[in-house]
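Reader: I would like a close look at a single part of this model, followed outward into its surroundings. Please take the structure below as the starting point.

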Amino acid sequence: MCRPTYYSVSYEINPWMDPSVPVDNALAVAQWERLRDVHRDLGHTVEEIDPVPGLPDMVYAANGATVIDGIVYESWFRYPERAAEGPAYLRWFSDHGYVTAKARYVNEGEGDVLLAGSRVLAGHGFRTDVDAHAEMEVLWGREVVSLELVDPRFYHLDTALTVLRGGDGVGPGGVASDDEVDVAYLPAAFSPRSQEVLRTLYPDALLVSEEDAAVLGLNSVADGEHVVINPAATGYEGGLKERGYEVIGVDTSELLRGGGGAKCCTLVVRGEPRSA
Ligand code: ARG
């Protein structure tokens, strides 16, 4: 996670951002601290990367890299405003002993990449280049399912879909098989073809309403038992409870002004560092 010390909305690269309305930085920091503390209470180890002045979106750690099987895939941002975040996150990982891989295509890290059991779900359409999906397939040796996003409000995969169970993969700490993966999503955020792919892979998925997705309810962090969500997504919350999940509401309203919620502020690190 990255403390929002320098967080502001000073440019506009998604429909949520309005630079004409000043951000309450102290409120953003307080909301972020609560999110960090909730992670700790859930037993998740939280590492903090130092924020860099001049990179107001660095708080959205999910975009900083993608880490699967202890192998770190570098992020390469679509917009120049965020370009320097990729090297900053990559340096953190190499300093902590991780094997890192350079990217040859634009990709915005875990914002567009979610692990679901043995598979990698990868978004494209607004930020990540579809060619990056092929690069990931080779890097991790896992099947990558490409999903096309079509609504500019849901410009990253993690704004349109939550992996509720199986986000740690198959095996120790994760699910026993792909059949146990559980996801929630907003169908209309995807192209008809990608909706078909999702229906086939996850016939029992929890379908979320436009209303709940429009407060970035799907930008949630789940560990198979608990789901950390925006409390404004009340319908989604009800659906999760019916499925037996423990729901923890964390208000991230000030971070929503940059276009992100709980998941955007969380980069999930999967696998131990392996020395190069
Ligand atoms: N302002 C940031 C951007 O538009 C928000 C990133 C949100 N991150 C995420 N994982 N969806 O790039």
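Which residues of helix α2 (residues 85–95) are buried?

Author: The model is a predicted one, and what follows should be read with that in mind. In helix α2, which spans residues 85–95, the buried residues are Glu 85, Gly 86, Tyr 89, Leu 90, Trp 92 and Phe 93. These residues cover an arc of only 155 degrees around the axis, which puts them on the same side of α2. An α-helix has 3.6 residues a turn, so residues three or four places apart point the same way. On the other side of α2, Arg 91 and Asp 95 are exposed. The buried residues of α2 pack against three strands, namely β1 (65–68), β2 (71–74) and β3 (99–101). Just after the helix, Gly 97 adopts a positive phi of about 85 degrees.

Two of the strands that α2 packs against, β1 and β2, are linked by a loop in which Asp 69 is found. Asp 69 has a positive phi of about 55 degrees, although it is not a glycine. Asp 69 counts as partly exposed because it has 16 C-beta neighbours inside 10 Å, whereas a buried residue would need 20 or more.

A positive phi of near 55 degrees is also found at Leu 216, again a residue other than glycine. Leu 216 lies in the loop between α5 (210–213) and β10 (221–222), and it is buried, with 28 other C-beta atoms within 10 Å.

Beyond that loop, β10 and β11 form a hairpin with three residues between them, and Gly 224 in the turn has a positive phi of about 100 degrees. The two strands run antiparallel and are joined by two bridges, with Val 221 standing opposite Val 228 in β11. In strand β11 (residues 226–229), His 226 and Val 228 point one way while Val 227 and Ile 229 point the other way, and all are buried. In a regular strand the side chains alternate between the two faces of the sheet. Strand β11 is also joined to β12 by four bridges, and here the strands run parallel; Val 227 stands opposite Val 247 in β12.

After β12 (246–249) comes a loop, leading to α7 (253–256), in which Thr 252 is found. Thr 252 is buried, with 27 other C-beta atoms within 10 Å, and, leaving aside residues up to four places away in sequence, it touches Gln 31, Leu 35, Asn 230, Gly 261 and Ala 262.

Elsewhere, strand β7 (residues 161–165) is mostly covered, five of its five residues being buried. It pairs with strand β8 (residues 182–185) in the antiparallel sense over four bridges, and Val 163 stands opposite Val 183 in β8. Val 183 reappears in the largest nonpolar core, which has 76 residues; there Ala 160, Val 183, Tyr 185, Leu 218 and Cys 265 touch the most other members. Not counting residues up to four places away in sequence, Ala 160 touches Leu 149, Phe 154, Tyr 185, Leu 186, Ala 189, Phe 190, Ala 213 and Leu 218. In soluble globular proteins, nonpolar side chains tend to be buried together.

Finally, there is the ligand, with 16 residues around it, of which Tyr 60, Gly 111, His 156, Gly 260 and Cys 264 come nearest. The residues of this shell divide into five nonpolar, eight polar and three charged.

Technical notes: Residues are numbered from 1 along each chain as its sequence is written. This is a predicted model: local features need pLDDT of at least 70, side-chain atom pairs count only at pLDDT 80 or more; totals for chains, interfaces and linings use all residues. A residue is near a molecule or strand if its C-beta atom, placed from the backbone, lies within 6 Å of it. Ala, Val, Leu, Ile, Met, Phe, Trp, Tyr, Cys and Pro count as nonpolar, Asp, Glu, Lys and Arg as charged, and the others, Gly among them, as polar. A nonpolar core is a set of buried Ala, Val, Leu, Ile, Met, Phe, Trp, Tyr and Cys residues joined through C-beta atoms within 7 Å. A residue is buried if 20 or more other C-beta atoms lie within 10 Å of its own, exposed if 12 or fewer, and partly exposed in between; C-beta atoms are placed from the backbone. Two residues are in contact if their C-beta atoms, placed from the backbone, lie within 7 Å. The arc is that of the directions from the helix axis to the C-beta atoms. Two strands pair if DSSP finds at least two bridges between them.
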